[in-house]
Amino acid sequence: MGSTRNLICKLVNTKRKCMRFKTFVSALLGLCSVTLTAQQATISGVVRDVKTKETLPGTNVLYKETGVVTNLDGKYSLKVDAGEVKLTYQFIGFEPQTKVITVAEGEQKNLDVNLNEIAQTLSTIVVTGGKFEQKLEEVTMSMDVIRPNLATDKGSTNIQEAINQSPGVQVVDNEPQIRGGSGFNFGAGSRVMILVDDIPVLTGDAGRPKWSFLPLENLEQIEVLKGAASVLYGSAALSGVINIRTAYPGPEPQTKVNFSTGIYDRPQTDYAKPWTGINYPTFTNMNFFHSRQIGNLDVVWGGNLYADEGFVGPEPGGNVSNFERRARTNVSLRWRDKKIQGLSYGLNTNFMLSGAASSLVLLDVDSGLYSNYPGSQSINQAYTWYIDPYVSYVKENTKHSFRNRWLHSDERNNNAQSNASDWYFTEYQYSHKFTGLDMNLTAGVMTSFTTSKAQLYIANEDSSGESSGMNNAAYLQLDKKFGKLNVSTGARYERFQINDDGESRPVFRAGLNYPVAKYTFLRASWGQGYRFPTIAERYISTQLGPVRIFPNFDVRSENSWNAEFGVKQALKIGEFKGFFDVAVFRQEVEDAIEFNFGSFGNTGDPLQDLGFKSINVSKSRIQGLETSLAGKGKIGEVDIAALIGYTYMDPQNLDPEALIDSTNGTIVTYKSSSSDTSGILKYRFDYMLKGDVQATYKKFTLGVSYRMLSFMRNVDNVFLLFDELGILPTGIKNYRDERLGDPTHVFDLRLIYAATDQFKISLISNNLMNNEYMIRPLKIEKPRTWQVQLSWAF
């Protein structure tokens, strides 16, 4: 400004005139500054939950046509015109609040606000649907939320047991299925993306989850998104997403400890049990969790110890029963920067050492029901960990996040099946809320890189067992409200590469949600899915007992689209509040990757050349109907929590006669390799009914879980054929014939006594009726268990 005035003075060319002009300009600029300052005031404050007193970061503070968003500490500050000011405070799940105050010119006013949680509905807030916070009823796809108490009160020893209570979801021998979107693939290539805190946690080489590695002890909620979600979450989200969200500390320190111990009861086929007398096999589980805020530092520490003697005994002549042991610890640190509001950075870690013995095939369905088939047992010791450094910056309506994960998996097996992989993931995400337009924008870029070294994958191009993979992607999603109508649309462009082979592909999605009445929400969605084969599906070469698995260098990517139409109705019975949901869905898949049996070897020995291989199925379709009820609240003097759902599925191969392989001149079609030749897809269910109801009266809680699974009509016919021919004499054909069409029923029961506000004792029985059943053929499930659990929270 001084140089500008000197230049003007030179132009005037007289000292006297210059002095007068300087005085005039200075006075004018000063007057403008005073006027502008005098016309405005500043309002600052903190927004909190009225009950818990916790701050509410991300609250919208609206003023006229603009506004700001509270930072990670719940603080806000904005300029307003002097005089009467109207501010509206909005946070998802809380009742909006409007404040009208008067401020003087230049005043700096402090205004703290406490918001009340909405009482009319469950007020469930989710993030998986759009990578930003939404009310559950406003999501454009089907979604279930599993509360942490469902997992802990049931005495679950890993997250898989809790997920199996979700309607339409079933884990088949560690492989998650959502609405029949996938079958059984020997542990390779999940069609359901598994996340921990929005970051994938599938292994880089096989794309499979390790359920025991996921942090059950530090659980905020599990969000199950159903339908193609590849736009936001990439390749594995063909059928949906399971997002395990962990908890951050509140203003008060919190500590939880759970200890449980139990036994496996005698099975129905008592003479088949691998133990004698009263030497029942035992299992023991202990986990702990502590969280606290230390100034601007958030600290979370948790851990788990587990030992299970197993209920399946050794093979004939062997001495090792199936077992599992693990030790796991996790630490999360988050620093909220003191100087830069909205900036936080931190580190999440999880480490596990585990050992286990498991088998693919049982000895037989009679006296060998609880014994291993010779050569089918695998004993391993595993080291698994991830390290997640991240940075997040929130300013007003904008959020930047930079997240990373290094996932290491090292499994050392006794049968030439050792495998180790490192998976490196980096993602930058930008999100912005356009307050005036009522629109959310989410965009991001990600890259991941995998290195794998494995005896299990020694069939790669140079027979070294060393492979690498890379995945790069960019995505964009817009969520816009037009009055009551919520419209969501997005796109993703993705490139995959394994060793020297790669390809690129775009995918798209769109969804609508409209409240036709105050508590009735219609939704419709359509989305594409895409999955590139994993290292395991291409290069696996191994044998487990009589079962050989062959590589397939030519396996192609699978593509799908998924559509659904649904209605979600909020309901209230007394003080019980919840949602009733109905959805019809359809998924079509081209080149679905499934393990099929055939003559794939080249030894010249007919038996040695038989085995399984990843094969592309030309076209398949899964369609059906799902209904569910989720809610909680009081009915009379009793607190009720419920999650109930029924799913009907029609999974069909649309071209079962299509040739899928002709190695060694043997013609293999899907139909020829199936036990059911009607065209139904293998390893799927026709229907399932899931339910969990818990009732609390004063200090006592009674909980009941129920799972009904239809008979699995179609499996690989080789198991039945080899049984008949005496090559693999397990008795499985007669076993299935006797149970043809019969569904499986499983009941769990729990009784909990709250001795104090801090201490509970529970008696838990899973598979209460002691049903003997298989979900996947030749793998027997657990007999009845009895368990005592002690829980402290302080």
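**View 1. Helix 7 and the glycine that follows helix 7 in this predicted model.** In this predicted model, helix 7 is followed by G726, a residue whose phi is positive, near 80°. Within helix 7, which spans residues 717-725, the buried residues are V718, F719, L720, F722 and D723. These buried residues of helix 7 pack against strand 34, strand 35 and helix 8, the last of which covers residues 732-738.

**View 2. The second largest pocket and its lining.** Strand 34 and strand 35 appear again in this view, since both belong to the elements that give two or more residues to the lining of the second largest pocket. The volume of this pocket is about 610 Å³. Its lining is made up of 32 residues, and those closest to the centre of the pocket are R147, G631, K632, A641 and A642. Besides strand 34 (576-599) and strand 35 (610-635), the elements that supply two or more lining residues are strand 11 (142-146), helix 3 (148-153), strand 36 (638-653) and strand 39 (687-697). Strand 35 provides the largest share of this lining, with 6 residues.

**View 3. The second largest cavity, one of 10 cavities of 30 Å³ or more.** The second largest cavity holds about 540 Å³ of space. It is lined by 37 residues, of which S235, W423, S448, N471 and F496 are the closest to its centre. At least two lining residues come from each of strand 14 (192-196), helix 5 (230-233), strand 25 (419-434), strand 26 (439-454), strand 27 (466-482) and strand 28. The largest share of the lining, 5 residues, is that of strand 28.

**View 4. E494 in strand 28.** Strand 28 runs over residues 485-498 and contains E494. With a relative accessibility of 2%, E494 counts as buried. The side chain of E494 makes a polar contact of 3.1 Å with the side chain of N471, and N471 is also among the residues closest to the centre of the second largest cavity. When neighbours within four places in sequence are left aside, the residues in contact with E494 are G234, S235, N471, N472, A473, E503, S504, R505 and Y530.

**View 5. V231 in helix 5.** Helix 5, which supplies at least two residues of the lining of the second largest cavity, is where V231 is found. V231 is buried, and its relative accessible area is 2%. Not counting residues up to four places away in sequence, V231 touches Y475, L476, Q477, G490, A491, R492, V507, F508 and R509. A wider frame may include D605, which lies 374 residues from V231 along the chain and whose C-alpha atom is separated from that of V231 by 46 Å.

**View 6. Two aspartates with positive phi, D198 and D438.** D198 has a phi near 75°, a positive value in a residue other than glycine. The loop that holds D198 lies between strand 14 and strand 15, the latter comprising residues 199-200, and D198 is partly exposed at a relative accessible area of 21%. D438, likewise not a glycine, has a positive phi of about 55°. Its place is in the loop between strand 25 and strand 26, where D438 is partly exposed, with a relative accessible area of 34%.

**View 7. N304 and its polar contacts in strand 20.** Strand 20, made of residues 297-308, contains N304, which counts as buried at 4% relative accessibility. The side chains of N304 and N285 are joined by a polar contact of 2.9 Å. In addition, a polar atom of the N304 side chain lies 3.1 Å from the backbone oxygen of M286. Apart from neighbours within four places in sequence, N304 is in contact with E217, N285, M286, N287, R326, A327 and R328.

**View 8. An open sheet of 4 strands.** The strands of this sheet follow the order 3-2-5-6 and pair in the antiparallel sense. Strand 3 (66-69) and strand 6 (97-103) stand at the edges, and each has a single partner strand, so one side of each is left without a neighbour in the sheet. On average, with direction ignored, neighbouring strands of the sheet are turned by 25° against each other. Strand 2, covering residues 60-63, pairs with strand 3 in the antiparallel sense over 4 bridges, and T66 in strand 3 is the bridge partner of Y63.

Definitions and conventions
Residues are numbered from 1 along each chain as its sequence is written. This is a predicted model: local features need pLDDT of at least 70, side-chain atom pairs count only at pLDDT 80 or more; totals for chains, interfaces and linings use all residues. Side-chain values use heavy atoms; hydrogens and water are left out. Buried means under 20% relative accessible area, exposed over 50%, partly exposed in between (1.4 Å probe, protein chains only). A polar contact is a pair of N or O atoms within 3.5 Å; within protein, one must be able to donate a hydrogen and the other to accept it, and residues adjacent in sequence count only if both atoms are side-chain atoms. Contact means heavy atoms within 4.5 Å. Two strands pair if DSSP finds at least two bridges between them. Axes are lines fitted to C-alpha atoms, for helices over the stretch in contact, and angles run from 0 to 180 degrees between N-to-C directions. On a 1 Å grid over the protein atoms alone, a cavity is a set of points where a 1.4 Å probe fits but cannot get out, and a pocket is an open set with protein on both sides within 12 Å along at least five of seven lines; lining residues have an atom within 4 Å of a point. Grid points are joined across faces, edges and corners, and a volume is the space filled by probe spheres set on the points.
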